[in-house]
Amino acid sequence: VYKRQRYVRTTAYSCMENEPGAWGSLTASGSTLKYGSIRSAAADWSVYPLGTTFRVKGQPHTYIVEDYGSALAGTNTVDIYKPSLQKMKKWGTRFTEITVVDWGSYERSARILKGRIRYDHCRKMYYGCMKKLNNSVVSNDIERNGAL
């Protein structure tokens, strides 16, 4: 059972950054970065899988995980999208409470990451997703069969 309330480190990113490997306004999932009532976020997909939606305490927006970053792999950090460097810097780094509204898909995450495992951070996330999926299969078998 996954906890819906979590206390996490949040950072911000912007497509205005000159980051190597960044795809401008496209996310790792291939969608366009969002900044409206629904906003884009990046995370380690083996912690917060692709499609996870959450709210940041004190903020009126809903965020959706559709991106990742090499610095996020292996962390519990959530990176929220800001459309300008000024807004990104203003957010800085904060420890905040988030409420997960809906968990994303480890299957979708693994499917996208599988083709990118030549990159260390993608490989870490892919194997993390596969571990969660395998544990889920084992848990479902135990519930069905009533035994270990």
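Threonine 77 sits in the loop between strand 4 and strand 5, and strand 5 covers residues 78-81. Keep in mind that this is a predicted model. Is threonine 77 buried or exposed? Threonine 77 has a relative accessible area of 6%, so it counts as buried. Its side chain makes a polar contact with the side chain of arginine 9, at 3.3 Å. If we set aside the neighbours within four places in sequence, threonine 77 is in contact with Arg9, Thr11, Ala42, Ala43 and Leu72. So arginine 9 turns up twice for this buried residue: in the polar contact and in the list of contacts.

One of those contacts, Ala42, takes us to the next topic, strand 2. Strand 2 is mostly covered, with four of its five residues buried. What does strand 2 pair with? With strand 4 it pairs in the parallel sense, over five bridges. With strand 5 it runs antiparallel, and two bridges join them. On the strand 4 side, alanine 42 stands opposite aspartate 67. On the strand 5 side, the bridge partner of alanine 41 is isoleucine 80.

Let me stay with alanine 41, which lies in strand 2, residues 38-42. How much of alanine 41 is accessible? Its relative accessible area is 0%, so alanine 41 is buried. Leaving out residues up to four places away in sequence, alanine 41 touches Tyr13, Phe54, Tyr63, Ile64, Val65, Glu66, Asp67, Val78, Asp79 and Ile80. Isoleucine 80, the bridge partner, is in that list. So is aspartate 67. The C-alpha atoms of alanine 41 and aspartate 67 are separated by 6.2 Å, while along the chain the two residues are 26 residues apart.

Now the charged pairs. How many salt bridges does the structure hold? It holds three.

Lysine 34 forms a salt bridge with glutamate 66, and the closest N and O atoms are 3.0 Å apart. This pair links distant parts of the chain: lysine 34 is in the loop between strand 1 and strand 2, glutamate 66 is in strand 4, and they are 32 residues apart. The two partners fall into separate accessibility classes. Lysine 34 has 29% relative accessibility, so it counts as partly exposed. Glutamate 66 has 5%, so it counts as buried. Glutamate 66 is also among the residues that alanine 41 touches.

Lysine 57 forms a salt bridge with glutamate 97, with the closest N and O atoms 4.0 Å apart. Here too the pair links distant parts of the chain, 40 residues apart: lysine 57 is in the loop between strand 3 and strand 4, and glutamate 97 is in strand 6, residues 94-102. Lysine 57 counts as exposed because its relative accessibility is 61%. Glutamate 97, at 28%, counts as partly exposed.

Aspartate 120 forms a salt bridge with arginine 123, and the closest N and O atoms are 2.2 Å apart. Where do these two residues lie? Both are in helix 3, residues 120-145. They are three residues apart there, so about one helical turn separates them. Arginine 123 is partly exposed, because its relative accessibility is 29%.

To recap: threonine 77 is buried in terms of accessible area, and alanine 41 is buried as well. Strand 2 pairs with strand 4 in the parallel sense, and runs antiparallel to strand 5.

Definitions and conventions: Residues numbered from 1 in each chain as written. Predicted model: local features only at pLDDT ≥ 70, side-chain atom pairs only at ≥ 80, totals over all residues. Heavy atoms only, no water. Buried < 20%, exposed > 50% of the residue type's maximum accessible area, 1.4 Å probe, protein only. Contact = heavy atoms within 4.5 Å. Salt bridge = Lys/Arg side-chain N within 4 Å of Asp/Glu carboxyl O. Polar contact = N/O pair within 3.5 Å; in protein donor to acceptor, adjacent residues only side chain to side chain. Pairing = 2+ DSSP bridges.
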